[in-house]
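Thanks for coming. I will take a few minutes to go through one model, starting with a pocket and then turning to the charged pairs.

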Amino acid sequence: MAHESTGKEGIGSGAGGEGAAVGWSGVEAVVPELARRVRERFGVHRHHVLATVRKDGAPRLTGLEADFRHGELWLGMMTGSRKVADLRRDPRFSLHANPGPGTDLADGEVRVSGRAVEVTDPGQVARYAAAVQPPEPFHLFRAELTEVVRTTTEPPYVVVETWAPGRARRTIRRTSNAPAQQGE
């Protein structure tokens with residue numbers, strides 16, 4: 001059995017066509033409660049899983065420390081890492097919060113997707129480095145988000161909350177005996 005409810009939040013009135021993306025502060029402005037829960041979940045652990053697109057088109061999964069600061073989601077990376085090359089070639093990414101030990105979803109499971117924009121302005125890089133003190137040298141990317149997803153359980157349901165720029169927040173409650181959902 002699947003139930004869906006749609007919130008009235010959203011940017012604009014369109015369907016969030018190709019290219020629609022916002023920085024983290026845009027997510028916080030439009031869906032503050034979902035943004036709070038997602039940020040808290042990322043804050044539980046330091047290391048997360050980043051998916052990028054390899055040169056051959058296959059996915060690449062690597063560890064990453066994500067940082068919410070100054071209204072943005074920042075992705076810092078070691079110089080010469082393959083994920084830097086991936087993002088320079090194809091900026092699309094998905095970042096999944098470390099689920100931690102165990103098999104329950106007590107705190108939920110979250111991921112964000114979008115495009116990574118490399119930050120090369122020396123002032124911005126220095127501001128970030130002063131606050132975070134990463135190993136140097138490093139590459140810095142700012143996330144422009146196209147999707148935010150949070151999955152939790154409310155027995156007997158799995159609850160999936162999604163939001164994308166230009167679309168309303170959407171919540172689907174589903175059980176294992178529900179008919180298969182069509183993908184977008």
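**A pocket, the fold and the salt bridges**

The residues that line the second largest pocket split into 10 nonpolar, five polar and five charged. Before going further, note that this is a predicted model.

Staying with that pocket, its volume is about 470 Å³. The lining is made of 20 residues, and those nearest the centre are E65, G76, M77, P134 and P135. Three elements each give two or more residues to this lining: β3 (59-69), β4 (72-78) and α4 (122-132). Which of the elements gives the most to the lining? That is β3, with six residues.

Now the chain as a whole. There are four helices and nine strands. Reading from the N terminus, the order is β-α-α-β-β-β-α-β-β-α-β-β-β. The chain has 184 residues, and 38% of them count as buried. As for contacts, take those between residues at least 6 apart in sequence: 60% of these join residues at least 24 apart. The accessible surface of the chain is about 10400 Å², and carbon and sulfur atoms account for 51% of it.

That brings me to the charged pairs. In general, side chains of opposite charge can pair when their charged atoms come close. How many salt bridges does the structure hold? The number is 16. I will go through three of them and then a network.

The first one on my list joins the side chains of E28 and R39, at 3.4 Å from N to O. E28 sits in helix α1 (residues 24-30) and R39 in helix α2 (residues 32-44), so to speak of sequence, the two are 11 residues apart. Are these side chains buried or exposed? E28 counts as partly exposed because its relative accessibility is 30%. R39 is also partly exposed, at 36% relative accessibility.

Next is the pair of E118 and R88, whose closest N and O atoms are 2.9 Å apart. This pair links distant parts of the chain, with E118 in strand β6 (residues 109-119), R88 in helix α3 (residues 82-89), and their positions 30 residues apart in the numbering. E118 has a relative accessible area of 25% and is therefore partly exposed. R88 has a relative accessible area of 52%, which means that R88 counts as exposed.

Then there is the salt bridge between E154 and R173, where the closest N and O atoms are 3.2 Å apart. E154 belongs to strand β7 (residues 138-154) and R173 to strand β9 (residues 170-174), so the salt bridge ties together parts that are 19 residues apart in sequence. E154 is partly exposed, with 36% relative accessible area. R173 is partly exposed as well, with 25%.

Last, the network. Which residues are linked in a network of salt bridges? They are E33, R36, R37 and E40.

To go back over the main points: the pocket I described is lined by 20 residues, and β3 gives the most to that lining. The chain has four helices and nine strands, and the structure holds 16 salt bridges. Among them are the pair of E28 and R39, the pair of E118 and R88, and the pair of E154 and R173. I will stop there and take questions.

Technical notes: Residues numbered from 1 in each chain as written. Predicted model: local features only at pLDDT ≥ 70, side-chain atom pairs only at ≥ 80, totals over all residues. Heavy atoms only, no water. Buried < 20%, exposed > 50% of the residue type's maximum accessible area, 1.4 Å probe, protein only. Contact = heavy atoms within 4.5 Å. Areas by Shrake-Rupley, 256 points an atom, 1.4 Å probe, with all protein chains shown as cover. 1 Å grid on protein atoms, 1.4 Å probe; cavity = no way out; pocket = protein on both sides within 12 Å on 5 of 7 lines; lining within 4 Å. Points joined across faces, edges and corners; volume = space filled by probe spheres on them. Nonpolar A, V, L, I, M, F, W, Y, C, P; charged D, E, K, R; others polar. Salt bridge = Lys/Arg side-chain N within 4 Å of Asp/Glu carboxyl O.
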